[in-house]
Amino acid sequence: MKTAGGSDAAKRRAGERAAEDVADGFVVGLGTGSTTAYAIRALGRAVDDGLEIRGVPTSFQSRQLALEVGIELTDLDAVDGLDLAIDGADQVVDDADAAAHGALIKGGGAAHAREKLVDAAADRFVVVADPSKLTTRLERSVPVAVLPDAHTVVADRIRDLGGEPTLRDAGEKDGPVVTDNGNLVLDCAFGSIDDPDELATRLSAIPGVVEHGLFVGMADATYVGTDDGVETRHY
Ligand SMILES: O=C(CO)[C@H](O)[C@H](O)COP(=O)(O)O
């Protein structure tokens, strides 16, 4: 369930802007997706120029790209903490008057369990996005990673909450998407979400849910790449 739309130039501007925040000695969370990939590539170029950093990847994809561009890798359990995490999003609430300002839906790449772990561990978490991701209300389906045995019972509980779950299909293989951690993904349509914080709490409480893609109150800033620059939202 990858996000449609968004110009590559805007994604590149956002990603490269976030990479500028990385200083010598940083441990950096490396998010997943096409926008973050621009940040990882920019960091690879900075490493070639002498920047010394270590990266904590959030997925097979970000690990492979980091290795390709020469970023030294480490693990969450091998560091005291992360200085910065850079990650993409499928939707970002952009309404300074809303309680949910800066809340995200993530998991279009099914990497949201590890992304949440890494993003939450960072002193600062910046989101990189193009304008197609901005919204006044979260309304995309919320990806929910579930233990494989639990997908039917979790689906029932999601329906009890008013959602419509769909098991994410792999597309290039018969059967469902299996995440990097061996879980399945239910894409759960709730329509326009009134209270992302409350829904996040309810989803987390369902036995069998590994992690959901609502990231509420986590981001410190969003860099929005535009046609001719980068806009910053601070939270
Ligand atoms: O949450 C994610 C992966 O699980 C991605 O960060 C999100 O899907 C955005 O990806 P892209 O930058 O390619 O639009």
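In the predicted model, R137 touches S192 and I193, not counting residues up to four places away in sequence. R137 sits in the loop between β8 (134-135) and β9 (142-146). With 15 C-beta neighbours inside 10 Å, R137 counts as partly exposed, because a residue is buried only when 20 or more other C-beta atoms lie within 10 Å of its own. D195 is 58 residues from R137 along the chain, and the two C-alpha atoms are separated by 9.4 Å.

The protein is divided into two domains. Domain 1 comprises 8-135 + 215-234, and domain 2 comprises 142-210. Their C-alpha centres lie 24 Å apart. The contact takes 12 residues from domain 1 and 13 residues from domain 2. On the side of domain 1 that touches domain 2, α4 provides the largest share, three residues. By class, that side of domain 1 has eight nonpolar, three polar and one charged residue.

The largest nonpolar core has 62 residues. Those with the most contacts inside this core are V28, A39, L43, I86, V128 and V144. Helix α2 gives the most to the core, with six residues. Domain 1 and domain 2 both contribute residues, so the core lies between them. In soluble globular proteins, nonpolar side chains tend to be buried together.

V128 illustrates the contacts of one core residue. Leaving aside neighbours within four places in sequence, V128 is in contact with A14, G15, A18, T35, T36, A39, I86, G88 and Y223. Two of these partners, T35 and G88, are also listed among the residues that come nearest to the ligand.

Helix α2 covers residues 34-48. At 1.5 Å a residue, its 15 residues should span 21 Å. The end C-alpha atoms of α2 are 21 Å apart, which agrees with the expected value. The buried residues of α2 are T35, T36, A37, Y38, A39, I40, A42 and L43. Among the elements that cover them are two helices, α1 (8-19) and α3 (60-69). Strands β1 (27-30), β4 (84-87) and β7 (125-129) also belong to this cover. After α2 comes G50, whose phi is positive, near 115°.

The ligand is surrounded by 18 residues. G33, T35, G88, G108 and G109 come nearest. The elements that give two or more residues to this shell are α2 (34-48) and α4 (112-121). By class, the shell has three nonpolar, 11 polar and four charged residues.

A110 lies in the loop between β6 (104-105) and α4. Phi of A110 is near 60°, a positive value in a residue other than glycine. Most residues other than glycine have a negative phi. A110 is buried, because 25 other C-beta atoms lie within 10 Å.

E164 is found in strand β10 (residues 164-167). With 14 C-beta neighbours inside 10 Å, E164 counts as partly exposed. Apart from neighbours within four places in sequence, E164 is in contact with C188 and A189. E164 and L43 are 121 residues apart in sequence. In space, their C-alpha atoms are 40 Å apart. L43 is one of the buried residues of α2.

Definitions and conventions. Residues numbered from 1 in each chain as written. Predicted model: local features only at pLDDT ≥ 70, side-chain atom pairs only at ≥ 80, totals over all residues. Near = placed C-beta within 6 Å. Helix = DSSP H or I, 4+ residues; strand = E, 2+ residues; numbered from the N terminus. Nonpolar A, V, L, I, M, F, W, Y, C, P; charged D, E, K, R; others polar. Core = buried A, V, L, I, M, F, W, Y, C linked by C-beta atoms within 7 Å. Buried ≥ 20, exposed ≤ 12 C-beta atoms within 10 Å, placed from the backbone. Domains from an automatic or database assignment. Contact = placed C-beta atoms within 7 Å. Expected span 1.5 Å × (residues − 1).
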